[in-house]
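Here are my notes for your first read-through of this structure. Keep the 3D view open and find each residue as it comes up.

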Amino acid sequence: SSNMEDDVSLKFRQQLLHIDENLVAEDVAALKFLCIDLLPFKKLESVKSAVDIFQLLMAEEYLNEEDTFLLAELLYRIKCHSLLKKLGYTKEKVQECLHEKGRVSPYRQMLYELSENITNEMLKDIIFLLQNCLPKRRITLSALELLILLEKQGLLTENNVQMLEEVCMNVSPDLVETVNCYKRAKVSLPQQENTLPVKESSLSHTGDIRVFTSPQFGTSILVTNSDRRVWLLNPPFCVQMTNPAAKPVLYTFFFSFLQKMTSYKMDGPHRGFCLVINNVNFDRSLQERKGSCKDAGELERVFTWLGLDVRTYTDLTSREIKDLMRTWQHLQDHKDRDCFICCILSHGESGAIYGKDEELVSIRMIMSHFTAKQCPQLAEKPKLFFIQACQGKEIQCPVYVEADARIPDLSSMQQSVSPSESIPEEADFLLGMATIDGYVSFRHIQQGAWYIQALCSKLQLLVPRGEDILSILTEVNEDVGRRVDRLGTKKQMPQPAYTLRRKFIFPIPRDPPPS
């Protein structure tokens, strides 16, 4: 029995060691921060690696081989979802148990989320604003170190986030919203049981509109309709409708105003850049992608019509794709643009696309060039990626339709990567894929790819109706799904993976659609 226990214990420690080996210095700093309320601060300060944290958690009886949930929660919070399976968890399983077993306080979660959204530029501004509160000797601080310093000085506590709120207000409205969400959750509203998301159709269209501010919560939208229901919204304004004497113009104002508050800002001097990478010819065994030039041309026409500066690149190697991403990542001109769009047409595998040299480039790596930290000029702006490439080898198709994948071979046994795993773990991204993971996408050799043709067609049809991008992509999926069904494959299209915080709505172009 003792030998068995030793074996189990050894196996458990090996698991922990494996997790430690997959965590970088930033992850260890994040784990330390999330454990501040659980472990003695003096001991945490001497932590050098994740293993040190695991030892402390075991010593305090937060972690043992029978109960690994706290570690699973910590890995979930720092978005290391792929390591959860080492503990027998999935992201969904952790989410289910958090309500009952979660130990990281909402206050600590809020501070960590805040730190994740603070770009280097914002951090400089915050440090400048707080100069008088910071020790003169400290020169370089990370966002987490800065928050710890404010806590040590008593300027930031669970019940007092006022200074934090004031500083964020000067730096970024979205940071303020994170703090406000925490405050709203902390102070329960008297009408809590009636709180529901607002929908235009569910509001009484007879009523008076008054805009007001609540000193307790900052500003929120509260809408009361004729049956006395209260509707709470997050954006920073309050509207109450009670009286049957309002003029229609007020409603028009209210709903267009509400849409602006809950949509990304798209009224800057320039819409943004749209890159189209079109790989048609390949160096060795991959077939020419006939019909792809039609797709590239269609994307260029439609996104130009939508106000974007489109740049098309043809037949790039894997290295050239990476170099191109680095070039666009450092472009200062993004500062005056509303958004960024990148379309890639190529052959592909699970979670990756092929360069002309037939080397794979990970979709996640491509997208990670444009995170808030890597590309501060695009921080808080929507970044949309559309990929037309196979995600596997399944499904045989008729000869007039080609598949954007290699012929099946042993490499098809590789582990599959879902779109949600390809997308960076931070706000403001959308990834639209031509196919679900593990399946080929279809391209007609004359008419082009089904996904790209449907995307261009639905953008032209639905943007003039004021539809947001997720509604448009749902229509695209239905359209492609119907075509896939005609081949008898019965495979459902994926919903796009996204971390958008608001609706993304293209302003309606003055000109008619190009086709």
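**Notes on salt bridges, helices and cores**

1. Let's begin with a linked group of charged side chains: a network of salt bridges joins Asp174, Asp428, Arg501 and Arg502. Please keep in mind that you are looking at a predicted model. Within this group, look at Arg501 and Asp174, whose closest N and O atoms are 2.9 Å apart in a salt bridge. Asp174 belongs to helix H11 (residues 173-186), while Arg501 lies in the segment after strand E16 (497-498), so this pair ties together parts that are 327 residues apart in sequence.

2. Are the two partners buried or exposed? Arg501 has a relative accessible area of 36%, so it counts as partly exposed. Asp174 is at 14%, so it counts as buried. The cut-off to remember is that buried means under 20% relative accessible area, with exposed being over 50%.

3. Now for the wider setting. The protein chain has 18 helices and 16 strands, and the structure holds 16 salt bridges. Of the chain's 515 residues, 50% count as buried. The accessible surface comes to about 25800 Å², and carbon and sulfur atoms account for 50% of it. Take the contacts between residues at least 6 apart in sequence: 72% of these join residues at least 24 apart.

4. Next, compare that pair with a salt bridge inside one helix. Glu73 and Arg77 form a salt bridge, with 3.2 Å between the closest N and O atoms. Both residues sit in helix H5 (residues 69-77), 4 residues apart, which is about one turn of the helix. Glu73 counts as buried because its relative accessibility is 0%. Arg77 is buried as well, with a relative accessible area of 16%.

5. Helix H8 (residues 120-129) offers another example: Lys124 and Glu121 both lie there, 3 residues apart, about one turn of the helix. Their side chains meet in a salt bridge of 3.6 Å, N to O. Which of these residues is exposed, and which is partly exposed? Lys124 is exposed, with a relative accessible area of 55%, whereas Glu121 counts as partly exposed at 43%.

6. Stay with H8 and look at its two sides. Its buried residues are Met122, Leu123 and Ile126. They cover an arc of only 100° around the axis, so they are on the same side of H8. On the face turned away from that buried side you will find the exposed residues Lys124 and Phe128. What do the buried residues of H8 pack against? They pack against helix H7 (106-117), helix H9 (143-152), helix H10 (162-171) and H11.

7. Helix H10 can be read in a similar way. Leu164, Glu165, Val167, Cys168 and Val171 are its buried residues. Their arc around the axis is only 165°, which puts them on the same side of H10. The face turned away from this buried side carries the exposed residues Met169 and Asn170. H7, H8, H9 and H11 are included in what covers the buried residues of H10.

8. Do stop at the loop between H10 and H11, where Ser172 lies. Ser172 is buried, with a relative accessible area of 1%. Which residues does Ser172 contact, leaving aside its neighbours within four places in sequence? Its contacts are Met122 and Glu380. Met122 may be familiar from point 6, as one of the buried residues of H8.

9. Finally, the nonpolar interior. The largest nonpolar core has 68 residues, and those with the most contacts inside it are Leu23, Leu57, Leu75, Ile78, Met110 and Leu164. This core draws at least three residues from each of domain 1 (1-104) and domain 2 (109-186). Apart from it lies another core, of 38 residues, including Leu299, Phe303, Leu430 and Val463.

10. To finish, try tracing the surroundings of one core residue yourself. Not counting residues up to four places away in sequence, Met110 touches Val161, Leu164, Thr178, Val179 and Tyr182. One of these, Leu164, is also among the buried residues of H10.

Conventions: Residues are numbered from 1 along each chain as its sequence is written. This is a predicted model: local features need pLDDT of at least 70, side-chain atom pairs count only at pLDDT 80 or more; totals for chains, interfaces and linings use all residues. Side-chain values use heavy atoms; hydrogens and water are left out. A salt bridge is a side-chain nitrogen of Lys or Arg within 4 Å of a carboxyl oxygen of Asp or Glu. Buried means under 20% relative accessible area, exposed over 50%, partly exposed in between (1.4 Å probe, protein chains only). Contact means heavy atoms within 4.5 Å. Accessible areas come from the Shrake-Rupley method with a 1.4 Å probe; for residues, only the protein chains shown count as cover. A nonpolar core is a set of buried Ala, Val, Leu, Ile, Met, Phe, Trp, Tyr and Cys residues joined through side-chain atoms within 4.5 Å. Domain bounds come from an automatic or database domain assignment. The arc is that of the directions from the helix axis to the C-beta atoms.
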